[in-house]
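Open the model in your viewer, keep a selection box ready, and follow along one stop at a time. We will begin with a single strand and work outwards from there.

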Amino acid sequence: MENEEIYRDVIYVYEEPDFSENRANEFGLVEKMKNLVDTYTQERNKHFAELERAKSDNQKGGFLKFFSGFKEAMSDSKLSPACEMQLDLGKAIGEFTSIKWLPNKYKYWLDKDETYDQFYRYYARFPFSNFTDEMDLQTLLGYYHTYIKNLQNRFANAISKLKEAVQNAHFISIQELTDLCKIDKISIINASKAFSGQILIKHPFMPKTYMGIETSENALFHIKMQCLSRIMQCLGATRISGHAYVSENKKREIDTNGRISYSAVSVEGSFNKNQDEKYESDYILEDAFSGDFSESSYEEALKEAKRIGLYDDFDIRNLLDQRNPQKENKMIARKVKIELTRELNESLDIAFGLQASGFGVNGAYKEILETNRKVMFELEIEF
């Protein structure tokens, strides 16, 4: 696995399907096939015996009466035992090969295989085949064993194509993720034990680190606030105070072209107002410093701002420029506004795209993925 594949913006965790012979036996596939052949053989022998009697019977219309009865027996309103068993076998095969987390539009990669075509072309002929029962059984079982044997390889091929089709997310099995964590290729914080449908987003400031989306907002907000405090301290601030507030609420949706769109959400109603007020009360910063400032502390402020991406923010870059020790008339106070949700919303867009495409996800993710909330942090600084 290449590093650029591992460290994509989002990781989707899946459970690798079990296509082993033992599991196939739990569904009784071989037994169902044998029973289908046996039952079909009995029905066929019975019908052909009746056909032979009709042929030898000189009574007018006897031959036509037989085919009339045969047609009735094979009608939808009166399925023969063999037809019912074929439907039961088909259902069992469908359940055995089902991958619930994989969207239907990608499942055809599992079926594009010569052995699949051979197996189902032959299987679909029951109970209308005119082969002998022994030939029917051995041929069907031969195709079946090859089909089951190739399922795991076809699944691996499907995952490979899936990774090519979805460029900004990586698909990792539970076992593979566990192994990557053991050898320290990936670190995961604020996330429970890996499970199928879990979504992890890349930490924007810590290399090779991912977070569960359930707690990512709180973790990222506190990291940004701490970094803002550190930058201001290095710039010689004596006092800082700030709070977060929600400046915009939107809902993620999929438009008619399959692209992500956003619709405005009304802030009216006690629930929404309480949610917005919660940010202002939960994310507050109040710090006081001695005001020490030097060339080295200024360089440290630049380094910290670049490390967490705040250097790209116009207000922060301007503040850094104004506090440059080379300037004679230095700034002594400033009020700035910083967006806390930029990196988070970029990752949630990707994760929402996975859900919208039909990938099975944890039911608790629904509200998180659909909510596009812009949270600002207003900071007052005194130097």
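A residue is called buried here when its relative accessible area is under 20%. With that in mind, note that this is a predicted model, and start by selecting strand β1, residues 10–14.

**Stop 1: strand β1**

Look at the two faces of β1 in turn: V10, Y12 and Y14 lie on one side, I11 and V13 on the other, and all are buried. That makes 5 of the 5 residues of the strand, so β1 is largely enclosed by the rest of the structure.

**Stop 2: the neighbours of β1**

Add strand β2, residues 169–173, to the selection; it pairs with β1 in the parallel sense, over 5 bridges. Zoom in on V10 and you will find A169 of β2 standing opposite. Now bring in strand β4, residues 199–202, which runs antiparallel to β1 and is joined to it by 3 bridges. In β4, I201 is the residue opposite V10.

Stay with β2 for a moment. Which of its residues are buried on each face? On one side they are A169, F171 and S173, and on the other H170 and I172. Since 5 of the 5 residues of β2 are buried, this strand too is largely enclosed by the rest of the structure.

**Stop 3: the whole sheet**

Show β3 and β5 as well, and you have an open sheet of 5 strands with mixed pairing, in the order β2-β1-β4-β5-β3. β2 and β3 (187–189) are the edge strands, each with a single partner, so one side of each has no neighbour in the sheet. Tilt the view to see the twist: neighbouring strands are turned by 30° against each other on average, direction ignored.

At the β3 end, strand β5 (residues 209–212) runs parallel to β3, with 3 bridges between them. Pick I189 and look for its bridge partner in β5, which is M211.

**Stop 4: helices across the sheet**

Select helix α10, residues 213–234: this helix lies across β4 and β5 and runs at about 110° to β5. Then select helix α14, residues 342–356, which lies across β1, β2 and β4, at about 35° to β1.

**Stop 5: aromatic pairs**

The structure holds 14 aromatic pairs. Show Y14 and W101 as sticks: their ring centres are 4.8 Å apart and their planes meet at 25°, so the pair is stacked. Y14 belongs to strand β1 and W101 to the loop between α5 (81–97) and α6 (104–111), so this pair ties together parts 87 residues apart in sequence. Both residues are buried.

Next, select F19 and F96, an edge-to-face pair at 5.9 Å centre to centre with 65° between the planes. This pair also links distant parts of the chain: F19 sits in the loop between β1 and α2 (21–26) and F96 in helix α5, 77 residues apart. How accessible are the two residues? F19 has a relative accessible area of 5% and is buried, while F96, at 0%, counts as buried as well.

To see a wider set of rings, select Y12, Y14, W101, Y106, F155, F171 and F359, which ring pairs link into a cluster. Y12 and Y14 will be familiar from one face of β1, and F171 from one face of β2.

**Stop 6: helix α5**

Since F96 is already on screen, select the rest of α5. This helix has 17 residues and reaches 24 Å from its first C-alpha to its last, close to the 24 Å expected at 1.5 Å a residue. Colour its buried residues: A82, C83, Q86, L89, A92, I93, F96 and T97.

**Stop 7: charges over rings**

Go to K306, whose charged end sits over the ring of Y311 at 5.0 Å from its centre. Then move to R323, which lies over the face of F293, 4.7 Å from the ring centre.

**Last stop: zoom out**

With everything displayed, the chain shows 15 helices and 10 strands. Buried residues make up 42% of its 383 residues. If you draw a contact map, consider contacts between residues at least 6 apart in sequence: 75% of them join residues at least 24 apart.

Key:
Residues are numbered from 1 along each chain as its sequence is written. This is a predicted model: local features need pLDDT of at least 70, side-chain atom pairs count only at pLDDT 80 or more; totals for chains, interfaces and linings use all residues. Side-chain values use heavy atoms; hydrogens and water are left out. Buried means under 20% relative accessible area, exposed over 50%, partly exposed in between (1.4 Å probe, protein chains only). Helices (H or I, at least four residues) and strands (E, at least two) are DSSP runs, numbered from the N terminus. Two strands pair if DSSP finds at least two bridges between them. Axes are lines fitted to C-alpha atoms, for helices over the stretch in contact, and angles run from 0 to 180 degrees between N-to-C directions. Contact means heavy atoms within 4.5 Å. Rings of Phe, Tyr and Trp (its six-membered ring) pair if their centres lie within 6.5 Å; planes under 30 degrees apart count as stacked, over 60 as edge-to-face and the rest as tilted. A charge sits over a ring if NZ of Lys or CZ of Arg is within 6 Å of the ring centre and within 35 degrees of the ring normal. The expected span of a helix is 1.5 Å times one less than its number of residues.
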